[in-house]
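Biologist: Can you walk me through this one? I'd like to go over confidence, folds and contacts.

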Amino acid sequence: MDFELSPSEWRTRLTRRSFLSAGVQGIGAVALGSLLARDAKAAANPIGGLPGLPHFAPKAKRMICLWQGGGPSHVDLFDHKPLLEKMAGQEIPASVRGDTRLSSMSSGYAKYNCVGAIKPFKKWGSSGIEMSEMLPFTGAIADELCIVRSMNTEAVNHAPGVTFFMTGSQIPGRPSMGAWLSYGLGTMNEDLPSYVVMTSSDTAKTCGQLFFEHYWSNGFLPGKHQGVRFRGVGDPVPFVGNPAGVSRDARRTMLDDMQALNREHLGQVGDPEIDTRISQYEMAFRMQASVPDLLDFKNEPKSVLEMYGPDVLNPGTFANNCLIARRLAERGVRFTQLMHSGWDQHNNLTTGQLAQQCLDTDQASAALVKDLKQRGLLDDTLVVWGGEFGRTPFGQNQQGQGFKGRDHFGRAYSWWLAGGGVKPGYVHGATDEFGWNITKDRVHIHDMQATLMHLFGINHEGLLFRYQGRQFRLTDVEGHVVKGILKQA
Amino acid sequence: MPRTTLPLPILIAGLITGLPGASFAVEPKPLDFNTDIRPILSENCFYCHGPDANKRKSKLRLDIREEALKKKAFVPGDIHASELVKRLYSKDSEEVMPPPDSHRSVTEAQRAILKRWIAEGAIYKPHWTFIAPVRSPLPANGEKNPVDAFVVEKLAKAGLTLSPEAPKATLLRRLSLDLTGLPPSPEETAAFIADTSPVAYEKQIDRLMASPHYGERMALPWLDASRYADSNGFQQDGDTFQWLWRDWLVKNLNEDKPFDQLSTEMLAGDLLPNATPEQKIATAFNRNHILNGEGGNIAEEQRYVSLFDRVESTTTTWLGLTVACAQCHDHKYDPITQKDYYQWMDAFNHVKERGTPSGGPTQTGGRSRFRLDTTVVEAPSAEQAAELMKLQANFDTKNKAFFTLQNTAFANWLAKPNKDKGMLPKEIEALLVPDKKRTAAETKKHRAHFDKVVFIEERKKIPGVMTIDKAKAALDGYRGDVLPRVMVMSDDMPRDTNILDRGAYLSKKEKVTFDAPGFLPPLPKDAPKNRLGLAQWLFSPEHPLAARVQVNRQWQQLFGKGIVRTSEDLGVQSDRPTHQELLDWLAVEFRESGWKLKALQKLILTSKTYRQSSHITPEQLQKDPENKLLSHAPRLRLPSMVLRDVALASSGLLNGKIGGVPVYPYLPENPWESLAITKERDFTYPTSQGTDLYRRSLYTFWRRTIAPVNMFDSSARQTCRVRTATTSSPLHALTMLNDPTWVEAARVLAQSVTKEQTTDEARLARAFARVLGREPSGKEPALLAKLLANQRAVYAADAKAADALLVIGESKRDPKLPVAEHAALTATCLALYNLDAAVTRD
């Protein structure tokens, strides 16, 4: 009963039907070990998706978004500005500031005084990319990274900023990028959701940046493209576990008898949709095996676990989620969206929160990249690290209390990307000596979206959905592919 | 492509244009602009050559015939002289249309159609939905019901017929689910089967329409259209009392308030003469939107977000048009200008509101779970009003005595003002001259300062002040956290409305006031230029859209898809209607007979078209795979909200109470944990107790940031939705197999049929009938017996598992039932709920 069924979905259905008639009984007996092998095959032939997509050969088959909620400080971490240190306490000239729209927390300031990075920067790797000493693990993989120092957004506040990158609009209601990819490219593993979301909060639980469902919404796309959030309590996927007192064998028996009744009904009614229902329940049964298998780390070597850091075995931590993300990538999950909070450092950037955030995210982020690489997955897995904006080059709360933090700043900020067809060991774009204005190669949110889609082999202007009489797309009516960050333009 | 294999239209075009090698015998029907031409032009040309003047290339517009002729885009009757044809066939990438980088393309068949249309004279017609509908004569095919007359006519042309009537049991289940969202009981089905009177079926329609559950079912699409939720969204995600509007809706749908009145009250109830509180509550339709309360946000910016949302929601709901494009520029496809857009917005721009929610003036502290914006209607129940009076009286009494003390203190302070000198604001200090003769205004300023600043310290010294503070806190707390008050529309705030450059709220251009969009009929002469005038205009007889849009959505509700599939858009880009004459006939009927929804539905429900069997033959599948012509009834997957209600009702768990505060039924443990990291408020899920667990789905608390996870495929209630997609995901199956809601329903159903019946066969048949609305037939009894036998084997061998299964859910189990037997039948009933026949409306 799909809303709109693409030709490839029809094809899939037909194959599935013959598969099922070959013997429903057999499926439950498929050994877990063979699931991965089957997934690998599916990766070559995605299920669902639109005809004609990808538009051209993709560089990336999957993406892991390491979302840093709250807005990490670019001037403290990725974009070194010695002048801010030199001019500490002096005003940033009005000519530099221009008419920049600031949040209502600092827009009324009389003075905007320079505040330098709170910890020294260092040149890393053979590429010599400058990053803060607070990110030693990320620094150590500098040669794998593509740093973008010219990110730009119009958003001044968190939720609109996050919504903007995820959906292309600051106002909730449009489909998110993961949903677009699921819709356009289909799934590579029907036994797991094609779009997975995991969230973690910072150790100190400092801030109110919450994770709203519209960050992984299907918008006006069919409901099955909505991101599935793995929960930190109870069943990781809602209702994936059988009720107490129902064993897997008992469930299998029940499904077999149920499907016999469904087939009887099919004979009476003649509606091919009943076949879809039958396969839907078989997929559900397989997912009940795939999810626990995904989350079972018992075969992970000690060396790998150690690489992700001490939190790796604590469910709900960023490190734990990073390891799950790698396992999802291995299983062909198209889009994994990790969301971590705690970067909204208005008044605690200097008092330990920034340092703590780095401790909580640095090692696992870098481990994920290294781990993907050692498995040969980095080439076609895109890793993206960044938040909804950066932070002001001036200090917040400096009136009377002294400097303790920085306000939201979307005019210029930094992200990093790795793998999936982006240039390694490379810095793209630059800001002025205050870290305020972009001086080279601006990358607007829509440009970043267009580029990520490009890496998936999609022309961002050509993945469309007709809704309300209009063709909608992720990049709204803008966006240019940033050729500079592509390994091969 | 070799000429011999050209499709027919090209052959026809070839003849007309004198190309050699083609011939035909049939005189073709002339092309119709709306059916054949506009869809091609609109999709491929209007983006650059349409209504939007800013994006228009080469000053050419193709949506108006005169303009196109002026630029010689085509010459009627002469394809060789037509620039359009030249461009369509050009091999030059600079010249060819549409340009390669537009990602649009015109097929060979479409090009041929365009040529033929030019050859036929290039006749334009306004878009069909922009012309008022007229009744076409009913096709004379012997069908009495107009629905059937039009449907059969089209079927006949395709060599198809209606299917025979569905079996009575199927029919009653279909009717019950469509009208009330609840399954028929076996008794109701038996009574209907036994009733052989010719009006038996109509009696069932009347009975179901009279049920108080009718309004609940009819409300569901309205909740999606008005993006209804029980919280604002965003940080804090403050709870609201908008459920008062939901209750208004259910009540008025039950009473069959005519659609024009129902709509007028939703759009402008507050502007009606002597508006009642209920009529004001109706306007919450336009206050149910998302509200951003994030710290640091700019309230005025957020207020504009709400205004844009109101324009979007009202035009989608009542005009079936999407106008959002015109926020930034003239519409690309429909003739809606940017000015039209902001004129419409003006109607919604005079509410006394901030744009962002807060704890409100009557609340103590910012910690309340409720957060509202201003202009509210308080709607206390009788009990609440009494309690409020009690609290108010308590405070007044205590405060009265205190007030005397405060007056004395003020007099004393005035008498010797100099003691605070130097610490006072300059303005106040200037007035503190003891011998100066003060004006009343000056004294008022003094008093305000005294009460706000000076007295704060003084009052602490007064004995008994604690009890007054407590009384005040109790009163404020009640007002803030208990007293229901719903955000509504008002026209209390004079504000200018301007066209905004590219939709940016700070870039104000020309000032505008409310008026109807220029391409639609003008406002009635004496209509006020506000929301009330808007409503009067909508329901004027010459309005081309209001009736069509609503009839189409009613059709969508009963057949799964609208006569125009794109029910959110009946504009130029909409899908072609499957039965335009039928839609227009029903639209005129609906308006002329007083906008009665129940009457409209009854007309459709009594048709053979609605009553036919849903069985599908290979011939139907082959000739009309999408069933556009309706040769059989559609089989529809029930909405998840209805699926849950079916489980509750068929098991006997359902608490049929209508309306009231939202409830918190089972959800997976700590469903709001991803919000619970905030310290700003408590996000513990307050799971309901007792019978509140078993209320209908529409009463489940809808948190806008995290919707109830078991209500899959629902609108997210972020923006207006009038069409939701039904999808098939393994997650849906997992929900219905493993959610305690369904497991408990299965256990209770099993217990109930065990007590009612004595044999396996009878118990299975009874459970089957309660869930599926019919007796098992064919091989089904044997398959059911096998299902039960297999589960019996499981639980006979595992007493512990049986125990574990039977404790799921809060309702009590009868301990006298044998555990293994009960568990086996529970698993069987759970399977019944998951059968395709159960989740589908046949």
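Modeller: Sure, one term to begin with: helices (H or I, at least four residues) and strands (E, at least two) are DSSP runs, numbered from the N terminus. This is a predicted model, where local features need pLDDT of at least 70, side-chain atom pairs count only at pLDDT 80 or more, and totals for chains, interfaces and linings use all residues. Residues are numbered from 1 along each chain as its sequence is written, while chains are lettered from A and ligands numbered from 1 in the order in which they are written.

Biologist: What phi does Gly320(B) take just after H15(B)?

Modeller: A positive one, about 60 degrees. Helix H15 of chain B itself covers residues 299–319. From first C-alpha to last it reaches 29 Å, close to the 30 Å expected at 1.5 Å a residue (that is, 1.5 Å times one less than its number of residues).

Biologist: And how many residues of H15(B) are buried?

Modeller: 18 of the 21, so H15(B) is largely enclosed by the rest of the structure. Buried means 20 or more other C-beta atoms within 10 Å of a residue's own, with C-beta atoms placed from the backbone; exposed means 12 or fewer, and partly exposed is in between. Of the 842 residues of chain B, 49% count as buried.

Biologist: Switching topic: which residues have the most contacts inside the largest nonpolar core?

Modeller: Cys322(A), Val383(A), Leu417(A), Ile281(B), Val486(B) and Tyr833(B), in a core of 307 residues. H33(B) gives the most to this core, with 10 residues. A nonpolar core here is a set of buried Ala, Val, Leu, Ile, Met, Phe, Trp, Tyr and Cys residues joined through C-beta atoms within 7 Å.

Biologist: How many residues of chain B are in contact with chain A?

Modeller: 78 residues of chain B, against 70 of chain A, where contact means C-beta atoms, placed from the backbone, within 7 Å. Elements giving two or more residues to that side of chain B include helix H31 (780–796) and helix H33 (819–834).

Biologist: Where in chain B does pLDDT stay under 50?

Modeller: Over residues 1–25 of chain B, for which the model has 30 contacts beyond four places in sequence. Residues 361–366 of chain B are also below 50. pLDDT is the predictor's confidence in each residue, from 0 to 100. Where it is low, the predicted coordinates should not be read in detail.

Biologist: What does chain B average, then?

Modeller: A pLDDT of 90, with 93% of the residues scoring at least 70. The model scores ipTM 0.86 and pTM 0.85.

Methods. Two residues are in contact if their C-beta atoms, placed from the backbone, lie within 7 Å.
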